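Biologist: I should like to learn how strand order, helix packing and nonpolar cores are read from a model. May we work through one case together?

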Amino acid sequence: MAMALRCFRHLQSLLHCSSLAVARRLPQAPAGCPALLLDGCRQCDHRVVLTRQLATKKAKGKGQTQAKLNISAALVEDIISLEETSEDMQAVVEALKEDFNRNLSVRTSPGALDHIIVMTKDGKFPLNQLGQISQKSPQLLVVNMSNFPESTAAATKAIRESGMNLNPEVDGTLIRVPIPKVTREHRENLAKLAKQSTNKSKDALRKVRSKSVNQVKKFKGKVSEDTIWLLEKQIQQMSDGAAAEMDKLLAAKTKELLG
């Protein structure tokens, strides 16, 4: 009799634990279903319950980071192209890299003038398409405008206003460009320009992010609120990653410029 009573109590305990486990367990997607973060699956009729537990109090604690989202692009392609958003953000980063390499260098080489855009009566042209650029000495660049002499004044103005701290001198169809000595003040000015360029790039990045978020918000009422929320989080994470890459580029360039 005592043995039967103990078994009955043990059975009650097992049933109680089992019911708690079932109550606490979230619905799961079927095996092989990629829709782990979204509210539906295109391959089956099962529905997956979304939870916003990606950033719990524990995850937000000191020294801990929030779980990274990774939404399958194929599952949201009717709402937004995450691949295009990523490409647009990366294009902003690459443009900043190019700006650093072309415009912000302690030493000026002939190639540093190639990108300068000259406004002529026939339109806009890179300086290297209008004149022959050469380096006569470490402190002097020369632009020969004999092929397009009528654009000499425009090219001189473009060089002066390029933001490279250059003061060109005109001698007929030759434009002499003295290279300023590398002083501490010059280095600090270049570092300030690098910071300004980075801020402009971050503004461009925010525009890409806002455009993408607005695209997602157009589907409010058509898809679940949690899907909208997850996509906005995904876009924000992509933007944060691009901004962090810009900060690293700025730190490296500042170190280079300040020596």
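Modeller: Certainly. The model is predicted. Let us begin with a helix and what it packs on: helix α4, residues 152–160, lies across β4, β5 and β6 (174–178).

Biologist: What is the angle at which α4 runs to β6?

Modeller: Helix α4 runs at about 10° to β6.

Biologist: How should the sheet be read, and what is the order of its strands?

Modeller: One lists the strands by their pairing. Here 4 strands form an open sheet in the order β3-β4-β6-β5, and the pairing is antiparallel. Strands β3 (132–137) and β5 (169–171) are the edges, each pairing on one side only. From one strand to the next, the twist averages 25°.

Biologist: How many bridges join β3 and β4?

Modeller: There are 5 bridges between β3 and β4 (residues 140–144), in the antiparallel sense. As one example, S137 has L140 in β4 as its bridge partner.

Biologist: Let us turn to the interior. Which residues have the most contacts inside the largest nonpolar core?

Modeller: A nonpolar core is a set of buried residues joined through side-chain atoms within 4.5 Å. The largest one here has 27 residues, and I80, L82, M89, V216, L231 and I235 have the most contacts inside it. Two or more residues come from each of α2 (82–103), α5 (184–217) and α6 (225–258). Of these elements, α6 gives the most, with 9 residues.

Biologist: Which residues does the second core include?

Modeller: The second core is separate and has 18 residues, among them V118, V143, A158 and L166.

Key
Residues numbered from 1 in each chain as written. Predicted model: local features only at pLDDT ≥ 70, side-chain atom pairs only at ≥ 80, totals over all residues. Heavy atoms only, no water. Pairing = 2+ DSSP bridges. Axes fitted to C-alpha atoms, helices over the stretch in contact; angles between N-to-C directions. Contact = heavy atoms within 4.5 Å. Buried < 20%, exposed > 50% of the residue type's maximum accessible area, 1.4 Å probe, protein only.
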